[in-house]
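Colleague: Could you walk me through this model before I set anything up with it?

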Amino acid sequence: MNQKVKSSIGIYLDNEKAMLITNQSDDKDHGFSIVSTIKAPEKHNSEEHNKNHAKQNELKSFFKSIANQVSDFENIYIFGSGISQEQFKNHLAEDSHFKGKKIEIGTANNLTEGQIIAKVNEYFS
């Protein structure tokens with residue numbers, strides 16, 4: 001039996017976490033909700049020449065853990081502050097599991113959980 005392909009997910013990214021927002025039901029009137037929060041790796045102090053390498057490895061690991069949870073979705077909306085959403089979109093573009101999927105990005109600053117959910121509801125409506 002084929003696993004049902006899930007339709008749409010929103011991903012809010014900031015320096016501390018990724019929030020995954022989706023509609024768990026086939027009922028479009030049910031709306032979206034936060035289904036998972038993935039914490040970003042803690043920042044560690046280290047020697048200057050190792051700091052950049054460690055940061056890149058931590059970011060890659062963080063992005064991989066998010067990608068593993070969203071690979072079944074066809075429509076992916078990534079938003080947040082800074083450049084994380086662009087970096088994550090580029091990470092997904094390098095992964096064959098995401099070939100042919102609709103992946104778009106947007107910006108958002110200092111949103112509450114309610115505002116994050118509302119933004120995803122609005123985007124996919």
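Modeller: What follows goes through the sheet, the helices on it, a few residues and the salt bridges.

Colleague: What should I know about the source and the numbering?
Modeller: This is a predicted model, in which local features need pLDDT of at least 70 and side-chain atom pairs count only at pLDDT 80 or more, while totals for chains, interfaces and linings use all residues. Residues are numbered from 1 along each chain as its sequence is written, and side-chain values use heavy atoms, with hydrogens and water left out.

Colleague: OK, the sheet. In what order do the five strands come?
Modeller: The order is 3-2-1-4-5 in an open sheet with mixed pairing, where strands are DSSP runs of E with at least two residues, helices are runs of H or I with at least four, and both are numbered from the N terminus. Two strands pair if DSSP finds at least two bridges between them.

Colleague: Which strands are at the edges?
Modeller: Strand 3 (33-39) and strand 5 (102-107) are the edge strands, each pairing on one side only. Neighbouring strands of this sheet are turned by 20° against each other on average, direction ignored; the axes are lines fitted to C-alpha atoms, for helices over the stretch in contact, and angles run from 0 to 180 degrees between N-to-C directions.

Colleague: And in what sense do strands 4 and 5 pair?
Modeller: Strand 4 (residues 73-80) and strand 5 pair in the parallel sense, over six bridges, and G80 stands opposite T107 in strand 5.

Colleague: Which strands does helix 2 touch?
Modeller: Helix 2 (residues 84-93) packs on the sheet and touches strand 1 (6-13), strand 4 and strand 5, its direction making about 170° with that of strand 5; contact here means heavy atoms within 4.5 Å. Helix 3 (residues 113-124) also packs on the sheet, touching strand 1, strand 2 (17-22), strand 3, strand 4 and strand 5, and its direction makes about 135° with that of strand 4.

Colleague: Back to helix 2: is Q85 buried or exposed?
Modeller: Q85, which is found in helix 2, counts as buried at 3% relative accessibility; buried means under 20% relative accessible area, exposed over 50%, and partly exposed in between, with a 1.4 Å probe and protein chains only. Not counting residues up to four places away in sequence, Q85 touches L13, I78, F79, G80, I105, G106 and T107. A polar atom of the Q85 side chain lies 3.1 Å from the backbone oxygen of G106.

Colleague: What about S84, what does it touch?
Modeller: S84 also lies in helix 2 and is buried, with a relative accessible area of 12%. With residues up to four places away in sequence not counted, S84 touches L13, N15 and F63.

Colleague: Different topic: what is the phi of N110?
Modeller: The phi of N110 is near 50°, a positive value in a residue other than glycine. Most residues other than glycine have a negative phi. N110 lies in the loop between strand 5 and helix 3 and is exposed, with a relative accessible area of 74%.

Colleague: Last one: how many salt bridges are there?
Modeller: The structure holds two salt bridges, each defined as a side-chain nitrogen of Lys or Arg within 4 Å of a carboxyl oxygen of Asp or Glu. One joins the side chains of D14 and K17 at 2.8 Å, N to O, and D14 is buried, with a relative accessible area of 14%. The side chains of K102 and E104 meet at 3.7 Å, N to O; K102 is partly exposed at 44%, and E104 is partly exposed at 32%.

Conventions: Polar contact = N/O pair within 3.5 Å; in protein donor to acceptor, adjacent residues only side chain to side chain.
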